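This briefing is addressed to a biochemist who wishes to read the structure below with selected local features in hand. Please keep the sequence and the model in view while going through the points.

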Amino acid sequence: MNKQDALFEYLLRIADNALILGHRISEWCGHGPTLETDIGMTNIALDYIGHARNLYQYAVEIEGKNRTEDDLAYSRDTTAFKNLLLVEQPNEDFAYTIVRQFIFDSFNYHFFDALQSSSDERLVGIAKKSIKEIAYHYRWSAEWIIRLGDGTTESHKKIQEALDEMWMYSGECFNADAIDNQLLEAGIGVDLAAVKSKFDTRVSDILKQATLTLPTEEWMQEGGKQGNHTEHFGFILTELQWMQRAYPDMEW
Amino acid sequence: MDDVKKLEAFQAKIDAEIKIEPKDWMPDGYRKTLIRQISQHAHSEIVGMLPEGNWITRAPSLKRKMGLLAKVQDEAGHGLYLYSAAETLGTSRDEMFDQLHTGKAKYSSIFNYPTVSWADIGAIGWLVDGAAIMNQVMLTRASYGPYARAMVRICKEESFHQRQGYEIMMVLAKGTPEQKQMAQDSLNRFWWPSLMMFGPSDAESKHSAQSMAWKIKRKSNDELRQAFVDASIAQIEYLGLELPDPELKWNEERGHYDFGAIDWNEFWKVVKGGGVCNKSRIKARKKAWAEGEWVREAAMAHAEKRAERAAKN
Ligand SMILES: [Fe+2]
Ligand SMILES: [Fe+2]
């Protein structure tokens with residue numbers, strides 16, 4: 001793949017993670033366990049949609065086909081989305097939502113931190129703009145893991161179960177494929193192995209404080225980065241893209 | 001000091017425009033009225049998150065999605081300020097939630113109307129937040145200090161919501177015929193309920209006179225409603241939409257618009273629980289509260305463990 005195409009794909013992956021996770025968290029709006037968490041989650045959703053927009057705007061420039069950020073969000077079908085399987089998983093309950101968030105934030109923070117040293121100036125700009133918010137997410141979800149793990153017997157059980165079930169989606173974060181390797185060699189992309197070691201340290205530290213056990217899942221699920229999604233994904237697009245599909249080519 | 005003297009001193013303070021603060025003496029009725037009104041207002045903010053939140057996942061562009069998320073987040077923040085203001089009067093948030101869930105406390109009836117199209121997000125921002133502002137600007141001068149101060153913060157955000165809502169309507173009204181129809185349809189559905197937001201006519205409003213004397217309220221329901229109609233007509237004309245009121249006419253003598261009769265039967269029906277969404281709104285709030293119980297308990301248990309550990313060290 002030429003460098004431009006590879007960079008476009010790379011940007012899509014990062015942006016799609018933000019869009020799809022933002023979508024999932026936004027489903028909580030008005031339904032959170034407390035008013036404060038409701039505000040917190042809405043704020044996080046807002047951050048992600050903002051990150052997605054910054055990245056899509058750069059992606060369409062790189063692509064050079066006169067597409068817009070909204071074309072990327074609203075006109076692609078399932079296999080053209082390149083987000084991790086983790087972020088498309090349903091909210092289920094607050095425990096699942098927090099576990100999904102914790103796994104993602106523990107990856108995403110170190111990923112964006114490393115992205116700040118990319119040789120691509122635009123990416124550096126985007127990373128620097130987002131890192132403060134991502135650092136806040138990173139603290140927020142870890143604090144909830146600790147609170148729920150080291151809370152009541154019931155909360156401990158719920159969060160451990162959610163962790164055990166979601167863990168199979170953690171491996172994909174660090175799966176380097178040809179595009180990751182190509183951009184890493186070009187000095188643009190992030191070294192996922194280095195991110196993984198920071199992730200491991202972070203996760204085991206937080207789980208220890210939360211009195212939770214690191215799952216020993218044998219099978220990791222992957223494929224989102226290459227466009228192979230779980231059954232949930234089509235329903236996300238059904239909602240997300242409905243207006244643009246029903247009323248194409250209009251200004252809103 | 002006996003009660004008559006206390007009451008006189010209290011009223012003198014109000015007449016002199018001195019704010020009443022939480023620790024000051026106040027008559028029971030004043031306290032009760034404020035708790036009722038502020039908590040009702042707080043409930044309106046959070047129940048109001050539901051009809052709008054409904055459209056977040058379907059917003060037609062990323063920019064609109066962010067605008068809507070930010071707006072609904074603001075409303076949650078308003079709920080937070082208002083619950084805090086009510087707490088200064090000696091009630092707790094849990095108590096207030098309980099009253100909402102059991103139907104003892106009311107919230108603005110407008111949120112019992114469904115949001116069925118994207119244009120409703122525009123219409124709500126423009127008309128519903130617009131009507132709320134009329135009321136809230138007045139309340140920035142309310143005699144109870146914490147309430148008035150909460151209102152100052154809230155009003156700034158509400159006027160932003162109104163502009164954002166109007167701008168959504170503008171894009172639709174100047175868009176394709178389908179979009180214009182969507183906007184018109186939404187105006188038709190939200191116009192009359194927005195006028196009802198000001199409450200019954202002064203002659204029939206049981207709390208109005210006392211609230212005016214206490215300067216919790218400074219303008220009558222009818223005055224506020226008239227000001228809202230007067231301000232809205234030019235906005236509707238600018239959009240090129242039709243007002244769903246054939247009786248609307250400028251009255252030169254009064255210097256105001258005359259408008260058609262409000263269907264108070266519909267108003268009372270929705271207030272008393274007969275609107276399309278009354279049941280589902282409360283059900284959604286109760287569900288969120290019940291499903292969040294284990295989370296709140298865990299947070300509390302964890303905080304206690306932490307405090308214990310800190311005390312030992
Ligand atoms: Fe509000
Ligand atoms: Fe508002």
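The points below cover the metal sites, the salt bridges, a pocket and two backbone features.

The structure is a predicted model. In chain B, two iron ions lie 3.5 Å apart, with B:Glu75 coordinating both. Over all chains, 29 salt bridges are counted. The second largest pocket has a volume of about 380 Å³.

**Iron ion (ligand 1)**

- The protein donors of the iron ion (ligand 1) are B:Glu45 (OE), B:Glu75 (OE), B:His78 (ND1) and B:Glu158 (OE), at 2.0 to 2.2 Å from the ion.
- The site of this ion is irregular, the angles among its 4 donor atoms running from 83 to 148°.
- Along the sequence, the donor residues of the iron ion (ligand 1) show the spacing E-x29-E-x2-H-x79-E.
- B:His78 belongs to helix α4 of chain B and B:Glu158 to helix α7 (residues 145-173) of chain B, so this pair ties together parts that are 80 residues apart in sequence.
- Both B:His78 and B:Glu158 are buried.

**Iron ion (ligand 2)**

- For the iron ion (ligand 2), the protein donors are B:Glu75 (OE), B:Asp129 (OD), B:Glu158 (OE) and B:His161 (ND1), which lie 1.9 to 2.2 Å from the ion.
- Why is the arrangement around the iron ion (ligand 2) irregular? The 4 donor atoms subtend angles of 90 to 156°, whereas a tetrahedral site would need all angles between 85 and 135 degrees.
- The donor spacing along the chain for the iron ion (ligand 2) is E-x53-D-x28-E-x2-H.
- B:Glu75 is in helix α4 of chain B and B:Glu158 is in helix α7 of chain B, so the pair ties together parts that are 83 residues apart in sequence.
- B:Glu75 is buried, as is B:Glu158.
- B:Glu75 forms the bridge between the iron ion (ligand 1) and the iron ion (ligand 2).

**Salt bridges**

- Side chains of opposite charge can pair when their charged atoms come close.
- In chain A, the side chains of A:Asp180 and A:Arg13 form a salt bridge with an N to O distance of 3.5 Å. This pair links distant parts of the chain, since A:Asp180 is in helix α8 (residues 178-185) and A:Arg13 in helix α1 (residues 3-26), 167 residues apart.
- Both A:Asp180 and A:Arg13 are buried.
- Which residue of chain B forms a salt bridge with A:Asp150? The partner is B:Lys305, and the closest N and O atoms are 3.0 Å apart. The pair crosses between chains, joining the loop between α6 (121-149) and α7 (153-166) of chain A, where A:Asp150 lies, to helix α13 (residues 293-312) of chain B, where B:Lys305 lies.
- A:Asp150 has a relative accessible area of 6% and is therefore buried, whereas B:Lys305, at 30%, is partly exposed.
- B:Lys287 and B:Glu291 also meet in a salt bridge, at 3.5 Å from N to O. These two residues both lie in helix α12 (residues 278-291) of chain B, 4 residues apart, or about one turn of the helix.
- B:Glu291 counts as partly exposed, with 47% relative accessibility.
- Salt bridges with shared partners join A:Arg13, A:Asp177, A:Asp180 and A:Lys225 into one network.

**Second largest pocket**

- The lining of the second largest pocket comprises 18 residues, and A:Asp70, A:Gln244, A:Met250, A:Trp252 and B:Ser61 lie nearest its centre.
- Two or more lining residues come from each of α3 (69-74) of chain A and α4 (62-87) of chain B.
- α3(A) makes the largest contribution to this lining, with 4 residues.
- Sorted by class, the lining holds 6 nonpolar, 4 polar and 8 charged residues.

**Positive phi values**

- A:Asp249, a residue other than glycine, has a positive phi near 55°. A:Asp249 is found in the segment after α11 (242-246) of chain A.
- Is A:Asp249 buried or exposed? A:Asp249 counts as exposed because its relative accessibility is 79%, and the exposed class begins over 50%.
- B:Glu17, also a residue other than glycine, has a positive phi near 60°. B:Glu17 lies in the loop between α1 (3-15) and α2 (28-47) of chain B.
- With a relative accessible area of 42%, B:Glu17 is partly exposed.

Technical notes: Residues numbered from 1 in each chain as written. Chains lettered and ligands numbered in written order. Predicted model: local features only at pLDDT ≥ 70, side-chain atom pairs only at ≥ 80, totals over all residues. Heavy atoms only, no water. 1 Å grid on protein atoms, 1.4 Å probe; cavity = no way out; pocket = protein on both sides within 12 Å on 5 of 7 lines; lining within 4 Å. Points joined across faces, edges and corners; volume = space filled by probe spheres on them. Nonpolar A, V, L, I, M, F, W, Y, C, P; charged D, E, K, R; others polar. Buried < 20%, exposed > 50% of the residue type's maximum accessible area, 1.4 Å probe, protein only. Donors = N, O, S within 2.8 Å, 3.2 Å for Na, K, Ca; no water. Tetrahedral: all angles 85-135°; square planar, octahedral: opposite > 155°, others 65-115°. Salt bridge = Lys/Arg side-chain N within 4 Å of Asp/Glu carboxyl O.
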